[in-house]
Amino acid sequence: MPITSLHKRTAQAVVNIFETGSARGDYGRVVHAKHDSGQLTYGRSQVTLASGGLHALIRQYCETPGARHTSGFISYLSDLANKTPALDSDAVLHGLLKAAGDDPVMRDCQDSLFDNGYWLPALKSAAALSLPDPLSVCVVYDSHIHGSWKTIRDRTLARAPDSAAAPRDWTTAYVATRRDWLAGSPNPLLRRSVYRMDCFNQLITENAWALPLPLKVRGILLTGALLGEGQAGGARALRRTSPMMRGDDVERLQRALGVAADGVFGDRTLTAVKEFQQRNGLTADGIAGPTTMEIMGL
């Protein structure tokens with residue numbers, strides 16, 4: 001089954017719920033939990049200081065034109081690169097991170113980081129094992145975000161070596177293997193996270209291999225409207241993402257803006273949307289959502 005953009009948004013929403021309790025993700029969430037080997041964690045899917053991911057994110061943010069909080073972060077780049085433990089309890093840094101979560105530039109940087117660093121590798125990992133179902137890809141993506149994908153993959157392959165012959169059975173075996181591993185971990189944070197596998201087991205029981213909407217995860221109902229479908233007369237909210245959004249709706253937007261209509265929402269389209277929003281007294285966030293679309297007559 002081809003993985004569509006809606007499958008991607010659904011899978012990412014599931015993991016966002018696991019990470020921050022929000023389907024859209026809490027871009028400004030700052031956490032430092034006792035026993036967390038990742039040290040300080042931040043953002044939509046909780047990038048960590050210990051992995052070097054937090055430094056990479058803040059460096060990318062500071063290098064992006066228009067970032068609102070660059071001056072505040074500059075002095076922290078060296079300590080972030082060195083994974084300095086004192087940052088775990090640095091109230092000034094935590095305040096900066098929370099404030100930056102409201103900046104569209106930070107949100108774009110996080111989306112790009114998680115796409116390139118986690119989503120695309122998860123797609124490759126699933127393809128290498130011939131796991132075509134969106135739910136299987138979601139399980140793989142969750143492990144790329146949460147950690148130890150390769151360890152649990154290899155343990156599962158030892159029990160069920162032919163994932164291509166029965167991909168759903170293999171995914172089910174993987175979830176069971178990972179649950180056992182989490183439940184037996186000496187780390188209490190990992191032991192408590194068995195709920196992630198319990199959620200996947202419930203979706204498997206419901207035969208939700210295509211991640212059909214509406215879908216309930218930990219009490220949150222995922223719908224097309226929540227994930228960007230069905231807005232403004234059936235149109236999705238259009239924005240600069242990585243990989244870039246493509247489609248007839250992007251081409252219609254470009255024609256309305258008077259830019260070259262290639263159907264790809266890139267930097268040129270982003271700039272045109274922001275300029276349109278500025279001219280019309282809207283928040284110039286570059287996202288062609290319901291209000292922007294309505295004023296354009298789309």
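How are α8 and α9 oriented to each other: roughly parallel, roughly antiparallel, roughly perpendicular or oblique? The first legend below takes this up. All views come from a predicted model, in which local features need pLDDT of at least 70, side-chain atom pairs count only at pLDDT 80 or more, and totals for chains, interfaces and linings use all residues. Residues are numbered from 1 along each chain as its sequence is written, and side-chain values use heavy atoms, with hydrogens and water left out.

**View 1. Helices α8 and α9 pack against each other at roughly 120°.** Helix α8 covers residues 149-159, and its axis comes within 9 Å of that of α9; axes here are lines fitted to C-alpha atoms, for helices over the stretch in contact, and angles run from 0 to 180 degrees between N-to-C directions. Helices (H or I, at least four residues) and strands (E, at least two) are DSSP runs, numbered from the N terminus. α8 and α9 are therefore oblique to each other; angles under 35 degrees count as roughly parallel, over 145 as roughly antiparallel, 65 to 115 as roughly perpendicular and the rest as oblique. Their crossing is right-handed, a label used if the near helix is turned clockwise from the far one by less than a right angle, with anticlockwise giving left-handed. From α8, the contact (heavy atoms within 4.5 Å) takes in Trp149, Ile152, Arg153, Arg155, Thr156, Leu157 and Arg159, and from α9 it takes in Trp170, Ala173, Tyr174, Thr177, Arg178 and Trp181. By class, this contact of α8 with α9 holds 7 nonpolar, 2 polar and 4 charged residues, where Ala, Val, Leu, Ile, Met, Phe, Trp, Tyr, Cys and Pro count as nonpolar, Asp, Glu, Lys and Arg as charged, and the others, Gly among them, as polar.

**View 2. Helices α2 and α6 meet at about 135°.** Here α2 (residues 53-62) and α6 (residues 104-128) have axes 9 Å apart, and the two are therefore oblique to each other. The crossing of α2 past α6 is right-handed. On the α2 side, look for Gly53, Leu57, Ile58, Gln60 and Tyr61; they meet Val105, Met106, Cys109, Gln110, Ser112 and Leu113 in α6. The residues of this contact comprise 7 nonpolar, 4 polar and no charged.

**View 3. Helices α7 and α11 pack at about 175°.** The axes of α7 (residues 134-146) and α11 (residues 195-205) are 11 Å apart, and these helices are therefore roughly antiparallel to each other. Leu135, Cys138, Val139, Asp142, Ile145 and His146 of α7 meet Arg196, Met197, Phe200, Leu203 and Ile204 of α11. The class count for the contact of α7 with α11 is 8 nonpolar, 1 polar and 2 charged residues.

**View 4. Lys8 in helix α1 makes a polar contact with Asp115.** Helix α1 spans residues 5-20. With 15% relative accessibility, Lys8 counts as buried; buried means under 20% relative accessible area, exposed over 50% and partly exposed in between (1.4 Å probe, protein chains only). The side chains of Lys8 and Asp115 form a polar contact at 3.0 Å, that is, a pair of N or O atoms within 3.5 Å; within protein, one must be able to donate a hydrogen and the other to accept it, and residues adjacent in sequence count only if both atoms are side-chain atoms. Leaving aside residues up to four places away in sequence, Lys8 touches Ile3, Asp115, Trp119, Ser242 and Pro243.

**View 5. His55 in α2 is buried, and Asp180 in α9 is exposed.** His55 has a relative accessible area of 16%. Not counting residues up to four places away in sequence, His55 touches Leu77, Leu80 and Ala81. Asp180, in helix α9 (residues 167-183), has a relative accessible area of 55%.

**View 6. Loop backbones include a cis peptide bond and positive phi values.** Most residues other than glycine have a negative phi, and most peptide bonds are trans. From Leu213 to Pro214 the peptide bond is cis, with omega near 0°; Pro214 sits in the loop between α11 and β4 (215-217). Asn207 is placed in the loop between α11 and β4, has phi near 60° and is exposed at 52% relative accessibility. In the loop between α6 and α7, Ser130 has phi near 60° and is partly exposed, with a relative accessible area of 36%.
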